[in-house]
Structure formats: C-alpha cells, structure tokens
Amino acid sequence: MTLRLGDIAPDFKAESTAGPISFYDWLGKSWGVLFSHPADYTPVCTTELGTVAKLKSEFDKRNVKVIALSIDPLSSHEGWVKDINETQHTTVNFPIIADSDYKIANLYDMVHPNASDRFTVRSVFVIDPDKKVKLIIIYPASTGRNFNELLRVIDSLQLTAQYSVATPANWKTGEDVVIAPSVKTEDVPALFPKGFTLIKPYLRTTPQPN
Ligand code: BEZ
C-alpha cells in the first residue's frame, strides 16, 4: 500500500519488545513516529536506536510517542537491545515491533524491492493525533538518519497545525516564520500581534507566534 501525506495511517496489531501493541490504542491522543530499520545487529541501526533512546525527553516534550520496526523476530530484538544499551550507553525506552511476516512493512510500503527485496528501508512516518500521516522520509540502508532534523520538522508541523504560518528553509524553533499565503495582509495585524515584515506581498515574516 502506498501512503501519502494526509492519508490516515493504517491501524495494526503487532508483537513488540513492550508486549502486544494495538497501534491506535498505543498512540492514544499523542503524535507518533513509526520508523523502520533494515535489520537487527547491524551497525548503523545500532547507532540510530541508541540516538532515539537518548532523545526521549525531546520527543516527550513534544507529546510524541516513538516506535521502531524491523522484520526480525522478538527474540532477536531482545538480544540486540542489550547490545544497543551497552554500546550506545543508553537504555532503549521505546518499543521495537517484530514484523517477521512483513504485515506492517507491507501496509506502510517499507520494503522497496529494487533496493532490497528482503529488508525494510529506513522509513519514517510522523502521525498526528488525528492519525493523519504528516511526514514521510525514506533513507537508504547505508545512511543513518538525522533525528535532530526529525525533531525540527515535528516542531514545524506542530506550529503550523496551530497557526496560519509556514516555516522557511532551515528554520529552527525560535526563528521567524512566514505568514501563510491564505492570510490577507489586512488581517495580519490582528492575527500576528508580535508584528510582521512585508518583504513582498507574498513574502511576509513574523516572529514565531507561540
Ligand atoms: C546498518 O544498519 O548498518 C546496515 C543495515 C543494512 C545494510 C547496510 C547497513
């Protein structure tokens, strides 16, 4: 199944290192990150899962629950988690789904046969509290992900869900944002009391409103 931005993220039941999971129940009203990695006991994946574990407080701050997935069985995940904890000096603090039958990998189109017909690629899905897919990023097996970039995009998604703004190139939280083209310039002062700069009629910046 091909998922696109704005689609409803499919619900599923799965075995995980935190026990059986029913995805929607597990998400509750939180935002979610579902990310796949190619295989257990591989070097890049080991660093990725350690990095995500260390960022737990950043995800918590943003009301985001994180869950990983690979097509290895639970017994493999359980052994590998010990290695991640040891080598990355952390404690894996999120569930890892064991998707040995590729049920979820296929549901989320995580196997790209021309890259590998056996392993999941490095997919990332950000899901909002209405269960809509808000971000899809796909990396190859050979490239570890930048999870600070993921946090940056989540900041943008959460901000732009609340205000009629968009975030410019390389934006980071705290920096000026752009006012959405749908906002008429005469409505700007009431909507953005921190002020705004009109650079062009279509390019108006304002301090981050929240
Ligand atoms: C890794 O996680 O290191 C990896 C996994 C599959 C292919 C290449 C690298």
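## Rings, strands and a pocket

Mentor: In this predicted model, Y108 has a relative accessibility of 1% and therefore counts as buried.

Trainee: Why is Y108 called buried at that value?

Mentor: Buried means under 20% relative accessible area. Y108 has 1%, so the word applies.

Trainee: And what makes F125 buried or exposed?

Mentor: The same kind of reasoning works here. F125 has 3% relative accessibility, so F125 counts as buried.

Trainee: Why is the pair of Y108 and F125 called edge-to-face?

Mentor: Two numbers are needed, because a pair of aromatic rings is described by the distance of the centres and the angle of the planes. Ring centres must lie within 6.5 Å, and planes over 60 degrees apart count as edge-to-face. For Y108 and F125 the centres are 5.0 Å apart and the planes make an angle of 75°, so both conditions are met. The pair also links distant parts of the chain: Y108 is in the loop between α5 and β6, F125 is in strand β6, and 17 residues separate them.

Trainee: Which aromatic cluster do Y108 and F125 belong to?

Mentor: They form one with F12, F23 and W26.

Trainee: How many aromatic pairs are there by this rule?

Mentor: The count is six. Another of them is F35 with F94, with 6.0 Å between centres and 50° between planes.

Trainee: What makes the pair of F35 and F94 tilted?

Mentor: Stacked needs planes under 30 degrees apart and edge-to-face needs over 60, with the rest called tilted. The angle for F35 and F94 is 50°, so tilted is the right word. F35 lies in strand β3 and F94 in the loop between α4 and β5, 59 residues apart. Both rings belong to buried residues.

Trainee: How do you know that the charged end of K65 sits over the ring of W26?

Mentor: For a Lys, NZ has to be within 6 Å of the ring centre and within 35 degrees of the ring normal. The charged end of K65 is 5.1 Å from the centre of the W26 ring and is listed as sitting over it. K131 does likewise with the ring of Y24, at 5.5 Å.

Trainee: Why are β8 and β10 called edge strands?

Mentor: The open sheet has the order β8-β9-β11-β10, with antiparallel pairing. β8 and β10 each pair on one side only.

Trainee: How do you know that β10 and β11 pair?

Mentor: Pairing takes at least two bridges. Three bridges join β10 to β11, so they qualify. K200 stands opposite L203 in β11.

Technical notes:
Residues numbered from 1 in each chain as written. Predicted model: local features only at pLDDT ≥ 70, side-chain atom pairs only at ≥ 80, totals over all residues. Heavy atoms only, no water. Helix = DSSP H or I, 4+ residues; strand = E, 2+ residues; numbered from the N terminus. Buried < 20%, exposed > 50% of the residue type's maximum accessible area, 1.4 Å probe, protein only.
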